[in-house]
Amino acid sequence: MKILVLGGTGFVGRHVRDALHRAGHDVLSVSRGTGVDLMTADLAPVVDGCDVVVNAAGSVWLATEQQMLEANAALVDRLVKALSDQRFVQLGTVHEYGSGVAGRGTTETQPTVPLTPYGKSKLIGTTAALDSGRDVVVLRVSNVIGPGVPEGSLMRTVADHLASGSDEPLTFGSLRAWRDYVDARDVADAVLRAITAPVTGEVINIGSGAAVRTRTLVERMVALSGRGVAIVEDAAGGRADAEWLQLDIVKADRLLGWRPRRGLDESLRDLLAAA
């Protein structure tokens, strides 16, 4: 099939593009990295002739609230209006849900009450996609890690510090939040399955199905690096936007035949190697 990947030069988009190529599809990648400004481009000729459109574009790290709204909400609204009969796979986020319940995975039926500008902007995009009447599948993705994590993210900060050779401690505010981490390459596999799955109009959670305390994740990354760098945390500093985020991924298994294949250590080792 001919597949268009928006944001195909970004962190997740690169892995999606590569997975689709390996599967033998004709893949066109469109983003600022390929000379196309998706915020201003006429999208109708961009999507014309494609069998599937995957939207991996968006903004979160180092972006203003207005930039998030433009990239995560307005772009999706313009995109679905430009589609005809193409299948559309939209990458959403766990942050559309808001807070989860400690010790429990969030299912797709939980009400969406996002707590952050990022989550709010992504939910607007998801709603635009689902309300468009198009052939849409929304993959609601947990926190993504793996090689190539973007600048400004926690794990990129840790990886760059460890790769620099500095002996200075890693200093953070609170690391007490629990998060569900999934490898970008497993997300790409979910996209590969979603482009042909016999479902439409569905929101499907894509995550590891388990939550890890953020401090534990940082400690594990330091241990895997073999460096004796101290971690300094202001445990009382500020509140996390959500204390617990964990996805229930039963629906992904049932509708897509998908489960994550990469463990946390593999993701962290490859992230460190890339840094």
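# Close-up views of a predicted model

**Figure 1. Contacts around K251.** Leaving out neighbours within four places in sequence, K251 is in contact with E108, E202, V203, I204 and L256. The model shown here, as in every view below, is a predicted one. K251 sits in helix α8, which covers residues 250-256. Is this lysine buried or exposed, at 14% relative accessibility? K251 counts as buried, because its 14% falls under the 20% cut-off.

**Figure 2. Helix α1 against helix α6.** Here we look at helix α1 (residues 11-22) and helix α6 (residues 184-194), whose axes come within 8 Å and cross at roughly 55°. That angle makes α1 oblique to α6, and the crossing of the two is right-handed. Which residues make the contact? From α1 come F11, V12, H15, V16, A19 and L20, while α6 brings A184, R185, V187, A188, V191 and L192. By type, the residues of this contact divide into 10 nonpolar, 1 polar and 1 charged.

**Figure 3. The largest nonpolar core and M221.** This core holds 57 residues, and V54, L139, I206 and M221 are those that touch the most other members. Helix α6, already met in the previous view, supplies the largest share of the core, with 6 residues. Zooming in on M221, we find that it touches M155, V158, A159, L162, L268, L271 and L272, when residues up to four places away in sequence are not counted. Apart from this core lies another one, of 22 residues, including V47, L75, A128 and V138.

**Figure 4. Helix α5 against helix α9.** Several of the residues that M221 touches, among them M155, A159 and L162, return in this view as part of a helix pair. Helix α5 packs against helix α9 (residues 264-274) at an angle of about 55°, and their axes are 9 Å apart. This makes α5 oblique to α9, and the crossing is right-handed. Where do the two helices meet? M155, A159 and L162 in α5 meet L268, L271 and L272 in α9. The residues of this contact divide into 6 nonpolar, no polar and no charged.

**Figure 5. H161 and its surroundings.** Staying with helix α5 (residues 154-164), we now turn to H161, which has its place there. With a relative accessible area of 16%, H161 is buried. Not counting residues up to four places away in sequence, H161 touches S166, E168, P169, L170, R227 and V229. How many residues separate H161 from A275 in sequence, and how far apart are they in space? The two are 114 residues apart in sequence and 9.2 Å apart in space, from C-alpha to C-alpha.

**Figure 6. S29 in strand β2.** For the last view we move to a strand: S29 belongs to β2, which runs over residues 26-30. S29 has a relative accessible area of 16% and is therefore buried, as this is under 20%. Which residues does S29 touch, once those up to four places away in sequence are set aside? The list is V5, G8, T9, R17 and T34. One of these, R17, lies within the span of helix α1, residues 11-22.

How values were computed
Residues numbered from 1 in each chain as written. Predicted model: local features only at pLDDT ≥ 70, side-chain atom pairs only at ≥ 80, totals over all residues. Heavy atoms only, no water. Helix = DSSP H or I, 4+ residues; strand = E, 2+ residues; numbered from the N terminus. Buried < 20%, exposed > 50% of the residue type's maximum accessible area, 1.4 Å probe, protein only. Contact = heavy atoms within 4.5 Å. Axes fitted to C-alpha atoms, helices over the stretch in contact; angles between N-to-C directions. Parallel < 35°, antiparallel > 145°, perpendicular 65-115°, else oblique. Left-handed = near helix turned anticlockwise from the far one by under 90°. Nonpolar A, V, L, I, M, F, W, Y, C, P; charged D, E, K, R; others polar. Core = buried A, V, L, I, M, F, W, Y, C linked by side-chain atoms within 4.5 Å.
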